[in-house]
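Subject: Structure handover and what I found in it

Dear colleague,

I am passing on the structure that we talked about, so that you can follow it on your own screen. Please keep it open while you read the notes below.

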Amino acid sequence: MSSDSPKASSDRRTADATPHAASLIQSLRDIGYSAETALADIIDNSITAGARKVEILSDAASAEPAVAVLDDGRGMTMVELLEAMRPGSKNPLDSRASGDLGRFGLGMKSASFSQCKRLTVATRKDGTTSAATWDLDEVSRTNKWEVEIHDDLSGIPWSDMLGTQGTLVVWRSLDRLSGGIESDHRKRAEHINRLLAEAERHIRLVFHRFMSEDRPPLEIALNGRRLEPLDPFGTRFPKHQADRPDRLELKNGFVEFQSFTLPHHKEIPPADWNDLGGPEGHLRTQGFYVYRGRRLIIAGSWLGMARQTELTKLCRIRVDIPNTMDSEWKIDVKKASAQLPPAVRERMRLLVERLALTSKRTYQRRGKKLVDSEYFPVWQRIQRDGAIIYRPDLSHPVFADFAARLPDELQGEFANLIALIGSSVPVASLHSDFAGSPEEVRAEEADEQSLHQLADAMIPRLVEQGIERERIAEILCQIEPFKSAAAMAQGIINEKLDRYHNNG
Ligand SMILES: Nc1ncnc2c1ncn2[C@@H]1O[C@H](COP(=O)(O)OP(=O)(O)OP(=O)(O)O)[C@@H](O)[C@H]1O
Ligand SMILES: [Mg+2]
């Protein structure tokens, strides 16, 4: 009887269905990793192994380009290494230590094969160094689940950098990471370097909590350059807002929630603002940030519960889950997606509703304050019959005083001219600019002469109202166009006030 023909046992019939190594190992390559999620999966293992330093190394320009992740974690013995090289080295149903970022016993292999055809792992533990390689071309040729064992490390790039303990994961034959570019070495190097540069942001974000909360902090470097953590809640900026944390008890542990509001873009340096928003910008990075064991798995999405709008642009909600809930959350091998258990979804929906309300109110208040000042705004905001209209206020002293000095026959024309400015506000164009890059939209700064003219017109009115001198300076500096030209405006206003008071 051949090995694949049915066998009869006492109560059931079975047949051999061992997977074909050559084809199954190829399928492992295509479960949807990108260069950045693949690298992050390798770094997960370093963190689980207690590493304090992780180095991403690359040699993109050489004839045989290679990329590696080196750590100083606890390393593996030869027996552990051979077990680790096995696809499905651990049972996903087994419980794991709370700091273990793994689940499937698959990540190191599937992440590596998604980018390369040759995976070498060299590792040192208790003074013993072990190394083994999966070579997909070899597996294709032999159709055997066999790794090569190395007694000599000299051919393994960066193996001389292994410390007293730790692990080095090397990717070679980078067919995927090099985008299939083979003959043009310069182009290939550019491609690899671009992917690594893009991965940098992902890594700073995914592991930011280990890089800032841990003592000592986890250090991650890319070709010798230490990466800074990227905290999507901007908590290092004093003007960020953090709501009270909240938790929900489920069968297998607690889910924790905390809402944050980023500082307004004027309250942090532009470089930091851009870094926080990233290439997609703040509109696209608002939303939930879900962490599993403090490792980010979902970033910047309202998960179908709300739209990403300008109003909620600064809102981010942190959701923390432990690794004991993986089956309820349907965590995937790549740790890049999850499904929300219904009770959690309900709580998250409430948080979103509350958030949308408060941010709407904040913006409305801010909008009102801008134009609703009792002290002569140049622009009026009028809400009528479901429409909002902005128009220059003709009774404003700066217009009224000027008009009073015009001959009668020009006064009507002057009023028409000002009204024309109001009716030709380019609403559609403003709207599209605000949808794109709102922080770049601003009113033109007034020049010195206009500030003089405006101060001349307003100061007497404010004095007439019996307002104290210091308060007048304060009021004027808070409204446009003085506010945007603060330094120059202050001088002009003080000079006028001096003159006005001295002249009685
Ligand atoms: N850098 C490392 N240091 C020490 N041990 C490691 C390292 N990388 C991998 N291992 C060992 O190899 C095993 C297999 O890793 P792999 O990433 O394939 O699966 P996992 O981490 O257990 O689960 P998952 O598939 O969810 O990532 C790990 O469980 C761990 O025991
Ligand atoms: Mg893993």
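The side chains of E64 and R118 come together in a salt bridge, with 3.5 Å from N to O, in what is a predicted model. Because E64 sits in the loop between β3 and β4 while R118 belongs to strand β5, this pair ties together parts that are 54 residues apart in sequence. E64 counts as exposed, since its relative accessibility is 56%, and the cut-off for that word is over 50%. In total the structure holds 33 salt bridges, and a few others deserve a look.

One of them is formed by K117 and D137, whose closest N and O atoms are 3.3 Å apart. Here too the pair links distant parts of the chain, with K117 in the loop between α4 and β5 and D137 in helix α5 (residues 136-142), 20 residues apart. K117 counts as partly exposed at 22% relative accessibility, and D137 is likewise partly exposed, at 42%.

Another salt bridge joins R225 to E200, with 2.9 Å between the closest N and O atoms. R225 lies in strand β10 and E200 in helix α6 (residues 185-206), so this pair ties together parts that are 25 residues apart in sequence. R225 is partly exposed, with a relative accessible area of 43%, whereas E200, at 18%, is buried. There is also a network in which salt bridges that share partners join R52, R209, E213, D214, R294, R318 and D320.

Next comes the sheet to which several of these strands belong. The sheet is open and has eight strands in the order β7-β6-β5-β8-β4-β3-β9-β10, with mixed pairing. Which strands stand at its edges? They are β7 (148-150) and β10, and because each has a single partner strand, one side of each is left without a neighbour in the sheet. Helix α3 (residues 78-85) packs on this sheet and touches β5, β6 (128-135) and β7, its direction making about 20° with that of β6. Helix α4 (residues 107-115) lies across β5, β6 and β8, and runs at about 140° to β5.

Within the sheet, β8 (residues 166-172) is a good strand to study with care. Strand β5 (residues 118-125) is joined to β8 by seven bridges, and the two run antiparallel; in this pairing L119 stands opposite W171, and V121 has V169 as its bridge partner. Strand β4 (residues 66-71) also pairs with β8 in the antiparallel sense, over five bridges, and there V67 has W171 as its bridge partner. Is β8 enclosed by the rest of the structure or open to the outside? Seven of its seven residues are buried, so β8 is largely enclosed. In a regular strand the side chains alternate between the two faces of the sheet. Both faces of β8 are covered, with G166, L168, V170 and R172 buried on one side and T167, V169 and W171 buried on the other. Helix α4 can be described in a similar way, since nine of its nine residues are buried and it is therefore largely enclosed by the rest of the structure.

Further along the order of strands, β3 (residues 53-59) and β9 (residues 219-222) pair in the parallel sense over four bridges, with K53 and E219 as bridge partners. Two bridges then join β9 to β10, and these strands run antiparallel, with A221 opposite R226. β9 and β10 form a hairpin with two residues between them, and N223 in the turn has a positive phi of about 45°.

Beyond the hairpin, P229 lies in the loop between β10 (225-226) and β11 (241-242), and at 27% relative accessibility P229 counts as partly exposed. P229 touches R204, H208, M211 and S212, leaving aside residues up to four places away in sequence. The C-alpha atoms of P229 and R201 are 9.0 Å apart in space, although the two are 28 residues apart in sequence.

Finally, please look at the surface, where W379, I388, Y390 and I421 form a nonpolar patch with about 370 Å² of accessible area together. W379 is found in strand β17 (residues 379-384) and counts as partly exposed, at 31% relative accessibility.

With best wishes

Definitions and conventions. Residues numbered from 1 in each chain as written. Chains lettered and ligands numbered in written order. Predicted model: local features only at pLDDT ≥ 70, side-chain atom pairs only at ≥ 80, totals over all residues. Heavy atoms only, no water. Buried < 20%, exposed > 50% of the residue type's maximum accessible area, 1.4 Å probe, protein only. Contact = heavy atoms within 4.5 Å. Patch = residues over 30% accessible without salt bridge, like charges linked within 9 Å, V, L, I, M, F, W, Y side chains within 5 Å. Areas by Shrake-Rupley, 256 points an atom, 1.4 Å probe, with all protein chains shown as cover. Salt bridge = Lys/Arg side-chain N within 4 Å of Asp/Glu carboxyl O. Pairing = 2+ DSSP bridges. Axes fitted to C-alpha atoms, helices over the stretch in contact; angles between N-to-C directions.
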